[in-house]
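User: Could you take a close look at a single part of this model, one strand and its surroundings, and then set it in the wider fold? A connected account would suit me best.

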Amino acid sequence: MKRIFVSVSNDVYNDNRVKKTCHSLNSYGLDVHLLCKKSSECNINPAFYKMHPIKFFFKKNFLYYAELNTKLFFKLIFKRFDILWANDLDTLLPLFIISKIRHKPLIYDSHELFTQVPELNANPFAKKIWLFIEKHTVPKLKYVITVCNPIKEYFKKEYNIEAKVVRNIPFYNESNQIRKHYPLKEKIIVWQGAANIDRSLEDLVLAMKEIDAKLIIMGRGDIIPTLKQEIKNNNLEDKVFLLGRLPFEEMMEQTRQATIGLSLDRPTNENYKISLPNKIFEYINAATPLLCTPLQEIKNIVEQYSVGKFIENPDSINLINSINHLLNNNDELQKMSDNCLIAQKELSWQKEEKEIFDILDTITKK
């Protein structure tokens, strides 16, 4: 059996894309090994891959990434393997070097436009380093995967690389095809993902003063302390709930109970402008209508399947008006939820993973 080592910089606690990828690699017939960040929350080896958690001394910034890349290199250089798989630019360099030394194929999976994330815009030096790594590795890659067409076009324009698109869509499970009946018993709004800047969460919390519903925020991020303070200052403890990171199925169960799912990224950087967040497909998978900003890739999906509404400027006033309008329009919510059930059949990981299998066929059948 051919062995593949997969690298990722997080602890995969709720990184469902990496888990789905490992599942697909295993179902193809590979012996899958995952190098990831060690975490007390993530200490169980699933049946379809073997986990190799790495303990880090540094927690963030330059020293963390230096430690990450160094440890990945020395963890892998003497391992027996047939294929390498690097998730995102922050794990690419050591696997790229090893693939050249060992003459083994490398697959690069770019989950976002890493060099354009908002955190790097505030750190020009770090941005230059990551751009340098990208420019000296990506053009020499043969197998590249990404999550949306704009990033595919970026690789083609910048490096003349033909990437394959594998969107981060949940598995289709017929047992999840349960029709909601509006009005639901309780009005619940959900938001899931990394709680970082430019995602309108501060405005959303303030808007809840004028919205008769419960807001559930699932995820961690830089602005969680700010949100906690805003909740306290505005006496919203009985309306806004910060649940932190949840296991994927528990998060999805919360989403299935929700009236509306939100995606409110602002187009303040190139990464957000072209992003196609996981939550879009996860809301659809849960038959939960969307309210979202009309970013390029999101707009295409929502319009194609008629599963949500748009909000151009997600400040507090507009959020109050848009959310209250939807909460008071059960016929519209019912139609969008029913459309989600139709879309689920077309939007599935089972269809997306065929692109992965095509690459593996090319590698293993040489």
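**Strand 6 and its surroundings**

Analyst: A good place to start is Thr146, which stands opposite Val165 in strand 7. Before going further, a word on the ground rules: this is a predicted model, where local features need pLDDT of at least 70 and side-chain atom pairs count only at pLDDT 80 or more, while totals for chains, interfaces and linings use all residues. Residues are numbered from 1 along each chain as its sequence is written, and side-chain values use heavy atoms, with hydrogens and water left out.

Strands (E, at least two residues) and helices (H or I, at least four) are DSSP runs numbered from the N terminus. Two bridges join strand 6 to strand 7, and these strands run parallel; two strands count as paired if DSSP finds at least two bridges between them. On its other side, strand 6 (residues 143-146) is joined by four bridges to strand 5 (residues 106-110), again in parallel. Here Tyr108 has Val144 as its bridge partner, and Ser110 stands opposite Thr146.

What about the side chains? In a regular strand they alternate between the two faces of the sheet. In strand 6, Tyr143 and Ile145 point one way, Val144 and Thr146 the other way, and all are buried, meaning under 20% relative accessible area with a 1.4 Å probe and protein chains only (exposed is over 50%, partly exposed in between).

Helix 6 (residues 149-159) lies across strand 5, strand 6 and strand 7, at about 145° to strand 6. Such angles run from 0 to 180 degrees between N-to-C directions of lines fitted to C-alpha atoms, for helices over the stretch in contact, and contact means heavy atoms within 4.5 Å. Strand 6, helix 6 and strand 7 make a right-handed β-α-β unit: with the strands pointing away from the viewer, the path over the helix runs clockwise.

Stepping back, strand 6 belongs to an open sheet of seven strands in the order 3-2-1-4-5-6-7, with parallel pairing. Its edges are strand 3 (50-54) and strand 7 (164-165), each pairing on one side only. Helix 1 (residues 16-28) also lies across strand 6, along with strand 1 (3-7), strand 2 (31-37), strand 4 (83-87) and strand 5, and runs at about 160° to strand 2.

There is another open sheet in the model: six strands in the order 10-9-8-11-12-13, with parallel pairing. Strand 10 (240-244) and strand 13 are at the edges with a single partner strand each, so one side of each has no neighbour in the sheet. The twist averages 20° from one strand to the next. Strand 9 (residues 214-218) pairs with strand 10 over four parallel bridges, and Ile216 has Phe241 in strand 10 as its bridge partner. Helix 8 (residues 224-233) packs on this sheet, touching strand 9 and strand 10, and makes about 155° with strand 10.

Finally, helix 14 (residues 330-346) has buried residues including Leu333, Met336, Cys340 and Leu341. The buried residues of helix 14 pack against strand 11 (260-263), helix 11 (278-285), helix 12 (296-305), strand 13 (308-310) and helix 13 (316-327). Asn324 sits in helix 13, and a polar atom of the Asn324 side chain lies 3.1 Å from the backbone oxygen of Glu210.

Terms used:
A polar contact is a pair of N or O atoms within 3.5 Å; within protein, one must be able to donate a hydrogen and the other to accept it, and residues adjacent in sequence count only if both atoms are side-chain atoms.
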